[in-house]
Amino acid sequence: MAEKVISFVIPCYRSEKTLGSVIDEIDRTMATRDDYSHNIILVNDGSPDNTWEAICQEVKKASDGHILGINFAKNFGQHAALMAGLGRANGDYVVCLDDDGQTPADEVFKLIDALENGADVAYARYEHKQHNVFRNFGTFMNESMATIMLGKPKDLYVSSYFAARRFIVDEMVKYESSYPYVIGLVLRTTKNIVNVDVHHRKREVGQSGYTFSKLLGLWINGFTAFSIKPLRIATFTGCSFAALGFIYGIYTIIKKFVRPDVPVGFSALMSAVIFIGGMLMLMLGMIGEYLGRVYISQNKNPQYVIRETTEDGKK
């Protein structure tokens, strides 16, 4: 029986001090199993430090050529880096993990065993997360958005550490829009997704590259690229306010006839106008987000631009 191949995809950003230990851990773990071989795709997402030099150094150390480095022309975001790595992954199974060492590469076979047992995708689930409060809040918001807008099962935990079968990856890389969202691509491809409990480590070096603006952009990207529920919510909200306005108008007329001495409240009227006006602006802004993304996609805005690779030195 031929050995199966596992491709590891690692988006890299400010990881010059941690990347070497992550790769060493992958190599040590894979050396314990002779029924699998592996390769590693490292994607430098426009990191401002010496991450690309660190990637090139790791490629030189790997004399068997099982490591490939991809260097972006600028920062396109984690999900774009994942898409670039998935596009070059050729394994029977593909594993995506972080570059900071917090995701335990030595527990990768827990995810692989889940795939061997019939799952299409296996996500790592952490009993005790070692992220800071801000990052945990961002994860909570991302989970909530995926559940409400994308139909993610409530009991399914999604993380940056996951493994997928070959056919899942082949379907994901067909997506060519300017705004990739990996969780949305997985959820629209299969429902045969499981969780696997693994240990989550503390960050030893640096801090998370996700800022509030990046997290906000990620949430907006998620539901505008893969769901029309916000538009339906806007339609329902508009109908509800129209109905309430009609009922209140009837009430005002009746009140005027019954109690002509009671003046109509100017403050209440202004509050209603401001509130409804704000809701209308919010809905128009939401529609504008959708139209803007369609416009940008029609203009063939790239998911990412590769400056060079360690394989051929250019792209």
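These are legends for a set of close-up views of a predicted model.

**View 1. Three rings gather into an aromatic cluster.** Ring pairs link F72, F76 and Y304. The structure holds five aromatic pairs. One of them joins F72 to F76 in an edge-to-face arrangement, with 5.6 Å centre to centre and 90° between the planes. F72 also pairs with Y304, and here the rings are stacked, 5.3 Å centre to centre with 5° between the planes. That second pair spans a good stretch of chain: F72 lies in strand β3 (residues 67-72), while Y304 sits in the loop between α10 (266-298) and β8 (306-309), so the contact ties together parts that are 232 residues apart in sequence.

**View 2. Accessibility around the ring cluster, plus a lysine over one of the rings.** F72 counts as buried because its relative accessibility is 2%, under the 20% limit. F76 comes out as partly exposed, with a relative accessible area of 22%. Y304 is partly exposed too, at 25%. Look for K74 as well: its charged end sits over the ring of F76, 5.3 Å from the ring centre.

**View 3. R33 deals with a ring and a carboxylate.** The charged end of R33 sits over the ring of F109, 4.4 Å from the centre of that ring. The side chain of R33 also meets that of D35 in a salt bridge, at 3.2 Å from N to O. R33 is partly exposed, with a relative accessible area of 27%. D35 is likewise partly exposed, at 34% relative accessibility. On the ring side of this arrangement, F109 counts as buried, with 10% relative accessibility.

**View 4. Helix α4 and its buried residues.** Helix α4 covers residues 108-116, and its buried residues are V108, F109, L111, I112, A114 and L115. F109, the ring under R33 in the previous view, belongs to this helix. F109 and T29 are 80 residues apart in sequence, yet their C-alpha atoms are 8.8 Å apart in space. After the helix comes G118, whose phi is positive, near 120°.

**View 5. A salt bridge along helix α2.** The side chains of E58 and K61 meet in a salt bridge, 3.5 Å from N to O. Why does the spacing work out? An α-helix has 3.6 residues a turn, so residues three or four places apart point the same way. In this case E58 and K61 are three residues apart in helix α2 (residues 51-61), so about one helical turn separates them. As for accessibility, E58 counts as buried at 10%. Close by in the sequence numbering of the same helix is C56, which is partly exposed with a relative accessible area of 23%.

**View 6. Another salt bridge, between E171 and K174.** Side chains of opposite charge can pair when their charged atoms come close. Here the side chains of E171 and K174 meet at 3.2 Å, N to O. E171 is partly exposed, at 34% relative accessibility, whereas K174 counts as exposed, at 56%. For context, the structure holds nine salt bridges, this one among them.

**View 7. A nonpolar patch on the surface.** F246, I247, I250, I253, I254, F257 and V258 make a nonpolar surface patch of about 780 Å². V258 has its place in helix α9 (residues 229-258). V258 counts as exposed because its relative accessibility is 59%, over the 50% limit.

**View 8. R14, a non-glycine residue with positive phi.** R14 is not a glycine, but its phi is positive all the same, about 55°. Where is R14 found? It is in the loop between β1 (4-12) and α1 (19-30). R14 counts as exposed, at 54% relative accessibility.

**View 9. Two cysteines, and no disulfides.** C12 counts as buried, with 1% relative accessibility, whereas C56 is partly exposed, with a relative accessible area of 23%. How many disulfides does a search of the whole structure find? The search finds zero.

Key. Residues are numbered from 1 along each chain as its sequence is written. This is a predicted model: local features need pLDDT of at least 70, side-chain atom pairs count only at pLDDT 80 or more; totals for chains, interfaces and linings use all residues. Side-chain values use heavy atoms; hydrogens and water are left out. A disulfide is a pair of cysteine sulfur atoms within 2.5 Å. Buried means under 20% relative accessible area, exposed over 50%, partly exposed in between (1.4 Å probe, protein chains only). Helices (H or I, at least four residues) and strands (E, at least two) are DSSP runs, numbered from the N terminus. Patches are made of residues with over 30% relative accessible area and no salt bridge: like charges are joined within 9 Å, nonpolar side chains (Val, Leu, Ile, Met, Phe, Trp, Tyr) within 5 Å. Accessible areas come from the Shrake-Rupley method with a 1.4 Å probe; for residues, only the protein chains shown count as cover. A salt bridge is a side-chain nitrogen of Lys or Arg within 4 Å of a carboxyl oxygen of Asp or Glu. Rings of Phe, Tyr and Trp (its six-membered ring) pair if their centres lie within 6.5 Å; planes under 30 degrees apart count as stacked, over 60 as edge-to-face and the rest as tilted. A charge sits over a ring if NZ of Lys or CZ of Arg is within 6 Å of the ring centre and within 35 degrees of the ring normal.
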